[in-house]
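Me: Please take a close look at one residue of this model and follow its surroundings outward. I should like a single connected account rather than a list.

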Amino acid sequence: MSQRAIVITEASSPAALATAAKLAAGGDLVLMGTRRTAVCERLATRLRADGSAAFTAYLDLADPMSVDRFIESADYLIGAVDVLISTAGLACHSWVGAQHLAAQIIPKMIGRRRGDVVLISPQLVGASSQQAHRMLDAWAAGLDAEFVGTGVRVSLVRSTGNAQVAPGDIGCLIAAVLGPPRTRLRVVEVIPPIPAPTLAKERKSR
């Protein structure tokens, strides 16, 4: 598999950092967009020391000008984007900026007739609301319709429960979604493990 240029937004969450580490270690070129650049740059420095290709650039999805500057940084650092991983909804007022960023990346994917967009449920990376889940589902459905016959895929990764999912598990899952063969995983639902004490209580109550 050839090296892919990957953008990860709101990349300072543990799940996004784990995803960046997994993909960069696998040979991909990763750009982490975040307001907390120091957090992501520490990871990028470690990855580069190990021979991987990872970078950080400032990105505030609530600021359209920041999005435009980030796109310029992406063009310079990694070139044409093959994969967009978005955790839109994690930060306040980030939805419009996330779609503004996607609108500048996705048409180029369609023009090349290849690419991936992975939308991560805010629930997997931080606090979320039902409105955020509905907006994410609507966005995925809209992209799904737009991508018919283009060679570009959209995948939605979300959780079915409120329990915490290990960041490393999320990173491995997203790597699997993006991996060969070119199968299409439209919706991936993560089922958090049920602690043993909880299972024991359920059995006793029966």
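## From one residue outward

Reply: Not counting residues up to four places away in sequence, Ser-155 touches Val-117, Val-118, Leu-119, Val-177, Leu-185 and Arg-186. The model is a predicted one, and every value below is computed from it. Ser-155 belongs to strand E6. Is Ser-155 buried or exposed? With a relative accessible area of 3%, Ser-155 is buried, because the limit for that class is under 20%. The side chain of Ser-155 also has a polar partner: one of its polar atoms lies 2.7 Å from the backbone oxygen of Leu-185. Leu-185 thus appears twice in this account, once among the residues that Ser-155 touches and once as the owner of that backbone oxygen.

The strand that carries Ser-155 can be followed to its pairing. E6, residues 152–159, runs parallel to E7 and is joined to it by four bridges. One of the pairings links Ser-159 to Val-190 of E7. In a regular strand the side chains alternate between the two faces of the sheet. Strand E7, residues 187–190, shows such an alternation: Val-188 and Val-190 point to one face and are buried, whereas Val-187 and Glu-189 point to the other face and are not buried.

What is the order of the strands in the sheet? The sheet is open, has seven strands with parallel pairing, and follows the order E3-E2-E1-E4-E5-E6-E7. E7 and strand E3 (53–58) are the edge strands; each has a single partner, so one side of each is left without a neighbour in the sheet. From one strand to the next, the twist averages 15°. Elsewhere in the sheet, strand E1 (residues 5–8) and strand E4 (residues 83–86) pair in the parallel sense over three bridges, with Ile-6 bridged to Val-83 in E4. Helix H4 packs on the sheet, where it touches E4, strand E5 (115–120) and E6; its direction makes about 160° with that of E4. E6, the strand of Ser-155, is therefore one of the strands that H4 touches, contact being heavy atoms within 4.5 Å.

Strand E5 also holds Asp-116. At 5% relative accessibility, Asp-116 counts as buried. The side chain of Asp-116 makes a polar contact of 2.6 Å with the side chain of Arg-153. Although Asp-116 and Leu-84 are 32 residues apart along the chain, their C-alpha atoms are separated by 6.4 Å.

From H4 the account passes to a neighbouring helix. Two packed helices are described by the angle between their axes and the distance between the axes. Helix H3 (residues 64–77) and helix H4 (residues 95–112) pack at an angle of about 30°, and their axes are 9 Å apart. Their crossing is right-handed. On the H3 side the contact is made by Pro-64, Val-67, Asp-68, Phe-70, Ile-71 and Asp-75, and on the H4 side by Gly-97, His-100, Leu-101, Gln-104, Ile-105 and Lys-108.

Val-67 of H3 gives a view of this helix pair from a single residue. At 0% relative accessibility, Val-67 counts as buried. Leaving aside neighbours within four places in sequence, Val-67 is in contact with Leu-59, Asp-60, Leu-61, Gly-97, His-100, Leu-101 and Gln-104. The C-alpha atoms of Val-67 and His-100 are separated by 7.5 Å, although the two residues are 33 apart along the chain.

Another buried position lies in a loop. Ser-12 is found between E1 and helix H1 (14–25), and its relative accessible area is 15%; Ser-12 is buried because that value is under 20%. Neighbours within four places in sequence aside, Ser-12 is in contact with Leu-17, Thr-34, Arg-36, Val-39 and Cys-40.

The whole chain gives the setting for these details. The protein has seven helices and seven strands, arranged along the sequence as β-α-β-α-β-α-β-α-β-α-β-α-β-α. Of its 206 residues, 48% are buried. Among contacts between residues at least 6 apart in sequence, 72% join residues at least 24 apart. The protein exposes about 10200 Å², of which carbon and sulfur atoms supply 57%.

Terms used:
Residues numbered from 1 in each chain as written. Predicted model: local features only at pLDDT ≥ 70, side-chain atom pairs only at ≥ 80, totals over all residues. Heavy atoms only, no water. Helix = DSSP H or I, 4+ residues; strand = E, 2+ residues; numbered from the N terminus. Buried < 20%, exposed > 50% of the residue type's maximum accessible area, 1.4 Å probe, protein only. Areas by Shrake-Rupley, 256 points an atom, 1.4 Å probe, with all protein chains shown as cover. Pairing = 2+ DSSP bridges. Polar contact = N/O pair within 3.5 Å; in protein donor to acceptor, adjacent residues only side chain to side chain. Axes fitted to C-alpha atoms, helices over the stretch in contact; angles between N-to-C directions. Left-handed = near helix turned anticlockwise from the far one by under 90°.
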